[in-house]
Amino acid sequence: MTATKKSIIVLPHYHLRERSKKINVVNDEVKQVVNNMQAATLDWEKDREHEVGVALAAVQIDKLLKIIVIRNNADDKKDKSFNVFINPEITKHEGTIEIDYEGCLSIPDIYGKVPRYSKVRIKAMNIEGKPFRLTAEGFMARVFQHEIDHLNGKVFIDHIKSKRQAFYKLLPDGELKQLEYEKDIKSNKSLWE
């Protein structure tokens with residue numbers, strides 16, 4: 001059965017706070033998980049005019065496996081192809097720390113300003129099980145850090161130190177509205193569990 005947007009788990013689901021398991025062999029089961037990750041991401045974005053499903057970690061479809069998929073072209077919603085990263089690891093953080101907006105399919109409709117390194121070096125395996133390395137900069141460096149965090153049981157809100165001015169909600173017109181900490185965030189216990 002193919003995964004859909006309903007397959008995506010959200011906070012406070014406890015698996016989002018657990019570490020994923022390393023993959024030793026890329027078999028048909030792993031390939032099916034990858035297909036389901038891509039299908040769930042594309043289904044999620046179908047009804048979202050102002051958002052693109054850029055990436056997903058396997059834990060987000062409730063599979064505690066070290067797999068992430070990242071859209072080949074996050075600027076073109078028509079390009080529905082993804083790259084696959086199995087057992088991805090950041091081997092080096094470089095550049096400067098930059099603060100920018102992040103959202104997450106597992107924290108619906110909430111965005112936050114998150115500090116991340118501007119450049120990272122990654123090692124992983126591809127879908128054929130072959131190891132490779134790459135360097136990601138800018139937005140892609142942010143995406144890798146966000147997704148690899150998922151594999152370690154972290155979500156983007158864990159990096160936000162000053163919660164009073166850091167959270168936003170995406171409005172129907174595509175604008176981000178700053179949320180009030182006391183009223184909109186602190187009372188939403190599911191974000192902090």
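Start by selecting N87, which is buried, with a relative accessible area of 10%. The cut-off behind that word is a relative accessible area under 20%. The model on the screen is a predicted one. N87 belongs to strand β3. Look at the backbone here: N87 has a positive phi of about 55 degrees, although it is not a glycine. Most residues other than glycine have a negative phi, and most peptide bonds are trans.

**Two more backbone stops**

Select D62 next. D62 also has a positive phi, of about 65 degrees, and it is not a glycine. D62 sits in the loop between β1 and β2. Is D62 buried or partly exposed? D62 is partly exposed, with a relative accessible area of 32%.

Then go to L11 and P12. The peptide bond from L11 to P12 is cis, with omega near 15 degrees. P12 is found in the segment before α1, the helix of residues 28-45.

**Strand β2 and its partners**

Select residues 67-71, which make up strand β2. Five of the five residues of β2 are buried, so the strand is largely enclosed by the rest of the structure. Show the side chains. Which residues of β2 point one way, and which the other way? I67, V69 and R71 point one way, while I68 and I70 point the other way. In a regular strand the side chains alternate between the two faces of the sheet.

Add strand β1, residues 55-57. β1 and β2 run antiparallel and are joined by three bridges. To see where they meet, select A57, which stands opposite I68 in β2.

Now add strand β3, residues 82-104. How many bridges pair β2 with β3? There are five, and the pairing is again in the antiparallel sense. Here I70 of β2 stands opposite N83 in β3.

**Aromatic rings**

Stay on β3 and turn to the rings. The count of aromatic pairs in the model comes to three. Select F85 and F144: their ring centres are 4.9 Å apart and their planes are at 80 degrees, so the pair is edge-to-face. Planes over 60 degrees apart count as edge-to-face. F85 lies in strand β3 and F144 in helix α2 (residues 139-151), so the pair ties together parts that are 59 residues apart in sequence. Both rings belong to buried residues: F85 has a relative accessible area of 5%, and F144 has one of 3%.

The next pair to select is Y101 and Y168. Their ring centres are 5.2 Å apart and the planes are at 80 degrees, so this pair is edge-to-face. Y101 lies in β3 and Y168 in strand β6 (residues 167-170), so the pair ties together parts that are 67 residues apart in sequence. Y101 is partly exposed, with a relative accessible area of 35%, whereas Y168 counts as buried at 7% relative accessibility.

Go back to F85 and F144 and add F132. These three residues form one aromatic cluster.

**S106 and V59**

Select S106, in the loop between β3 and β4 (107-125). S106 is buried, with a relative accessible area of 0%. Which backbone oxygen lies 2.7 Å from a polar atom of the side chain of S106? It is the backbone oxygen of I9. Leaving aside neighbours within four places in sequence, S106 is in contact with I8, I9, V10, L11, L16 and Q60.

V59 is the next selection, in the loop between β1 and β2. V59 counts as buried, at 0% relative accessibility. With neighbours within four places in sequence set aside, V59 is in contact with I9, H15, L16, S20, L64 and H150. Now draw a distance from V59 to L176: the two are 27 Å apart in space, C-alpha to C-alpha, and 117 residues apart in sequence.

**The largest pocket**

For the last stop, switch on a surface. Rolling a probe the size of a water molecule over the atoms shows where empty space is left. How much space lies in the largest pocket? The largest pocket holds about 590 Å³ of space. Its lining has 27 residues, of which V52, V54, G103, Y111 and F139 lie nearest its centre. Select those five to find the spot. Then colour β3, β4 and α2, each of which supplies at least two residues of the lining.

Terms used. Residues are numbered from 1 along each chain as its sequence is written. This is a predicted model: local features need pLDDT of at least 70, side-chain atom pairs count only at pLDDT 80 or more; totals for chains, interfaces and linings use all residues. Side-chain values use heavy atoms; hydrogens and water are left out. Buried means under 20% relative accessible area, exposed over 50%, partly exposed in between (1.4 Å probe, protein chains only). Helices (H or I, at least four residues) and strands (E, at least two) are DSSP runs, numbered from the N terminus. Two strands pair if DSSP finds at least two bridges between them. Rings of Phe, Tyr and Trp (its six-membered ring) pair if their centres lie within 6.5 Å; planes under 30 degrees apart count as stacked, over 60 as edge-to-face and the rest as tilted. A polar contact is a pair of N or O atoms within 3.5 Å; within protein, one must be able to donate a hydrogen and the other to accept it, and residues adjacent in sequence count only if both atoms are side-chain atoms. Contact means heavy atoms within 4.5 Å. On a 1 Å grid over the protein atoms alone, a cavity is a set of points where a 1.4 Å probe fits but cannot get out, and a pocket is an open set with protein on both sides within 12 Å along at least five of seven lines; lining residues have an atom within 4 Å of a point. Grid points are joined across faces, edges and corners, and a volume is the space filled by probe spheres set on the points.
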